[in-house]
Amino acid sequence: MHPSINKATGIQLDVTADLHKWRAFLAIAELGSLTRAALYLDVDQSVLSRRINALERECGARLFNRTGRGVELSEVGARIFPNVKRLLSDAEQLEADIKGESRVPTGQVTIALIPSISNPLIHNLFVRMRERFPGIHLKVLEGSSGQVEEWLADARVDIAILYRYGATLPEGDQALAIVDTYLIGGKGDPVTRSAEVSFDVFDKLPFILPSAPNGLRNALDRAAKEHKLTLQPRMEADSLPLQKLLVAQDGLYTVLPLHAVWNEVSEGTLQAAKVIGPGMARTISMSLSKSKGPARAVAEVASAIVDIVNDMGRSGMWHRLDDAGQPRAAATAQT
């Protein structure tokens, strides 16, 4: 027996018997919505409702008031909220101590990214995590920039990787690389045969482009307006494989970063010409959720992503960044 312990504590409360209910309480209270809380906790909304109903029965009081915009804490709920938050924080620390997370990172890390970045990055990331940290489980979500932003805002993901346009990044973002924009054409296409093209050649070309709102599409529309030319998409499609297929087989053009067509350009089925013009470069940016995921595991995955992006930059896929966040090496198109 520990020398300072003379008898068992007299605490008889059952509040720690099922922490799932209290996690549900905390998530709903902070997010103000059952739907958002269900996404954050990755459980069905009906399960969440049952947990809260059970908790309210056990407490003998209503913890939330339902409103037209969602839910808000009742008087009782607001009073116990700080204590519940401390309880769960202590429980999380206890779990980390038991699992030894400070020594060996474990747990699920959810990554959201756009498809054109996912293809070259995720395979390398999986191999690296499997070799170095087998206790880390990766969950990958692909979507448009808007979807990735929404998942990050809803705390559904731990790490978001997407394109940013413009000279400044949102607070908390980390710039990983600078990406040039390329006009993509089919094999033997005369417009994309040269290494570089002016934006003026875009006038009235038959394009397949992503539909608005979309970061790239918005940048193209702005550039077209500034250059006083007409973009004529024959088709709008957000599917990257479909864009590449119609360019290769049907004589259309699209606009993509080089890494999105790296294999096709190497194999000669597509051609890529770097677009020369202001505002056409974009930044690959990484943003971390402030409220989700095992901290050590997320940090290791984020660090691996930075290393992999730098390694891929050396091959010419994009411009690597120096310690000051400036381009370090120019990308070389495989045309």
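This passage looks at a pair of packed helices and at a four-stranded sheet with a helix lying across it.

The model is predicted: local features need pLDDT of at least 70 and side-chain atom pairs count only at pLDDT 80 or more, whereas totals for chains, interfaces and linings use all residues. Residues are numbered from 1 along each chain as its sequence is written, and side-chain values use heavy atoms, with hydrogens and water left out.

Helix 2 (residues 34-41) packs on helix 3 (residues 45-59) at an angle of about 105°, and their axes are 9 Å apart. Helices (H or I, at least four residues) and strands (E, at least two) are DSSP runs, numbered from the N terminus; axes are lines fitted to C-alpha atoms, for helices over the stretch in contact, and angles run from 0 to 180 degrees between N-to-C directions. The two helices, helix 2 and helix 3, are therefore roughly perpendicular to each other (65 to 115 degrees). On the helix 2 side, Leu34, Thr35, Ala37, Ala38 and Leu41 meet Gln45, Leu48 and Ser49 of helix 3, contact meaning heavy atoms within 4.5 Å.

Turning to the sheet, four strands in the order 8-12-7-11 form an open arrangement with mixed pairing; two strands pair if DSSP finds at least two bridges between them. Strand 8 (196-198) and strand 11 (254-256) are the edges, each pairing on one side only. Neighbouring strands are turned by 45° against each other on average, direction ignored. Strand 8 pairs with strand 12 (residues 270-276) in the parallel sense over three bridges, and Val197 stands opposite Val275 in strand 12. Helix 8 (residues 240-250) lies across strand 7 (182-186), strand 11 and strand 12, and runs at about 130° to strand 11.

Key. Angles under 35 degrees count as roughly parallel, over 145 as roughly antiparallel, 65 to 115 as roughly perpendicular and the rest as oblique.
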